[in-house]
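User: I should like a close look at one part of the model shown below, followed by an account of the rest of the chain.

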Amino acid sequence: MSASSVRSFEYLESLPGTVFNRLYKQPSTALAIFRRMLPHLAKSFVMAMLYMTRPLPVTDLETWVRPGSRREQDTAVDLLERLQILKRSAEPGTPRSYMLTNPFASSLRQALTGGGNHKSFGIPSDVPSKDEVTISQLDDFARKQWEGVLGYMVGSTGIGLRDEGANLSPSVKHLLQYGGLVDVKGRNVDITQDGFAFVLQEVNAQVWTILVLYLENAEQLGMDHVDVLSFLFMLGSLELGQAYSKANLTETQLQMLLDLRDFGIIYQDSPASNNYYPTRLATTLTSDAGALGSASAGFDSALHSSTNDKGFVFIETNYRLYAYTSSPLQIAILSLFTRLSTRYPNMISGKMTRESVRRAISMGITGDQIVDFLYTHAHPQMRKTETVLPPTVVDQIRLWQIEGERMKSTVGFLFKDFSTAAEYEGPCRYAGDIGVLAWKNDAKRMFFVTKHEQIAAYLKSKKDKRVEGG
């Protein structure tokens, strides 16, 4: 399961059963969860049981799996139960059995065979040829909007992105702050450790991270979770380049069109338009791992059009850095931990210094994240060496981080002045067993804990027992 699937799965797992029941009434939702959330073995179980009218005994289910793959079987069954796709049938006098739940099974059958008037896969709209939007235009729009989001996070709006017209609405900025991806202090916007990790993800994982934040914030916006989820899953089943009508959308989904347009997930000529276009960011939402790789790679290439998949960064043993890029976003990311000195039309140069790296670390960016970024974007010439990055540079980045970690404060409580060793050892051992012990000194009969309530209760119970025994 990909990182983006894990994030969306964790959110789905937290939902109550009544929400699943409403969600699975939409064939597009059932198909999207089947395609994206399930590993291959779980998909095999679903397809084998899709047209069964009676529960399947667990002994029959086990015959479908090799004897050495019991762990994979248990994992697949557990996943299906947590998503409320599979239910146990425990009738008196019969062995344990499994059966697909409804309406998931009926909706998936409908999605695979077609038919019905549910319209959960969108209503295609005929647009005059002169008003049609091409796939190239959709990719350009999505790239501009999404790069604007990333640019805002790394503070690159001042070096070119604003000129490209990527204007972010207040709701987008609030969502990024709500998710802990940026730290806003007055007019200053600083990227956080989670934000930098977000920037390093592939595009599809980034989109799902944002959408899960949107879902978590939906209740505050007065939106229905089911409408929001159903619309997102529907977007993943739409055709890139095809216009769709807003006629069948709910009030919540109409509001979502405006919000998703800010992220480049949806394209509309204007908010009053009767049609909308899904961009590549939307149509790859529910792709499986194989399709996701190619589709996301294609969009990632468009997103970072000034760079290439082979890498663009050179770094020398004297910490001098050269990057063959003209992308404002890539330049802004490099400027987070590099002191840039020169900029040419297709190249920048600078130097990684103690101050520049420590500044990045003060924002919450880790040394390992910086090393991972340099390794991922290393130039092909650097990849001809065994280590790719100079070991002296890698070691120094980590040493600069350690400089700020020499002293770490821990809030807690100190217990001391025990009369005897036995009186000291009991609560100290108990603190270690419950996981609150931060430090101890057996010679001085002292220990330090992060929480004191359970230790105080333990000491009180010991005292009460001594009183009763006396």
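Which residue in E5 is the bridge partner of Asp-183?

Analyst: The bridge partner of Asp-183 in E5 is Asp-190. This is a predicted model, in which local features need pLDDT of at least 70 and side-chain atom pairs count only at pLDDT 80 or more, while totals for chains, interfaces and linings use all residues. Residues are numbered from 1 along each chain as its sequence is written, and side-chain values use heavy atoms, with hydrogens and water left out.

The two aspartates belong to a hairpin. Strand E4 (residues 182-185) pairs with strand E5 (residues 188-191) in the antiparallel sense, over four bridges; strands pair if DSSP finds at least two bridges between them. Two residues lie between the strands of this hairpin, and Gly-186 has a positive phi near 70°.

The hairpin belongs to a chain with 21 helices and 15 strands, these being DSSP runs of at least four residues (H or I) and at least two (E), numbered from the N terminus. Of its 470 residues, 46% count as buried, that is, under 20% relative accessible area, with exposed over 50% and partly exposed in between (1.4 Å probe, protein chains only). Among contacts (heavy atoms within 4.5 Å) between residues at least 6 apart in sequence, 66% join residues at least 24 apart.

The interior can be described through its nonpolar cores, sets of buried Ala, Val, Leu, Ile, Met, Phe, Trp, Tyr and Cys residues joined through side-chain atoms within 4.5 Å. The largest has 116 residues, and Leu-83, Leu-235 and Leu-374 have the most contacts inside it. Helix H11 (residues 203-218) gives the most to this core, with 10 residues. Another core, of nine residues, lies apart from it and includes Tyr-424, Cys-428, Val-436 and Phe-447. In soluble globular proteins, nonpolar side chains tend to be buried together.

Leaving aside neighbours within four places in sequence, Leu-374 touches Val-313, Ile-315, Leu-321, Phe-337, Met-352, Leu-389 and Ile-397. With the same exclusion, Met-352 is also among the contacts of Trp-400, together with Thr-353, Arg-354, Val-357, Arg-358 and Ile-361. Trp-400 lies in helix H19 (residues 391-403) and counts as buried because its relative accessibility is 8%. Its C-alpha atom is 6.6 Å from that of Arg-358, although the two residues are 42 apart along the chain.

Aromatic pairs number 18 in the structure; Phe, Tyr and Trp (its six-membered ring) pair if ring centres lie within 6.5 Å, with planes under 30 degrees apart counted as stacked, over 60 as edge-to-face and the rest as tilted. Phe-418 and Phe-447 are stacked, because their ring centres are 5.7 Å apart and their planes lie at 15°. Phe-418 is in the loop between strand E13 (413-415) and helix H20 (421-433), and Phe-447 is in strand E15 (residues 446-449), 29 residues away in sequence. Both are buried, Phe-418 at 10% relative accessibility and Phe-447 at 0%. A second stacked pair, Tyr-430 and Tyr-458, has ring centres 4.6 Å apart and planes at 10°. Tyr-430 lies in helix H20 and Tyr-458 in helix H21 (residues 453-469), so this pair ties together parts 28 residues apart in sequence. Tyr-430 is partly exposed at 26% relative accessibility, whereas Tyr-458 is buried at 18%. Phe-418 and Phe-447 also form one aromatic cluster with Phe-415 and Tyr-424.
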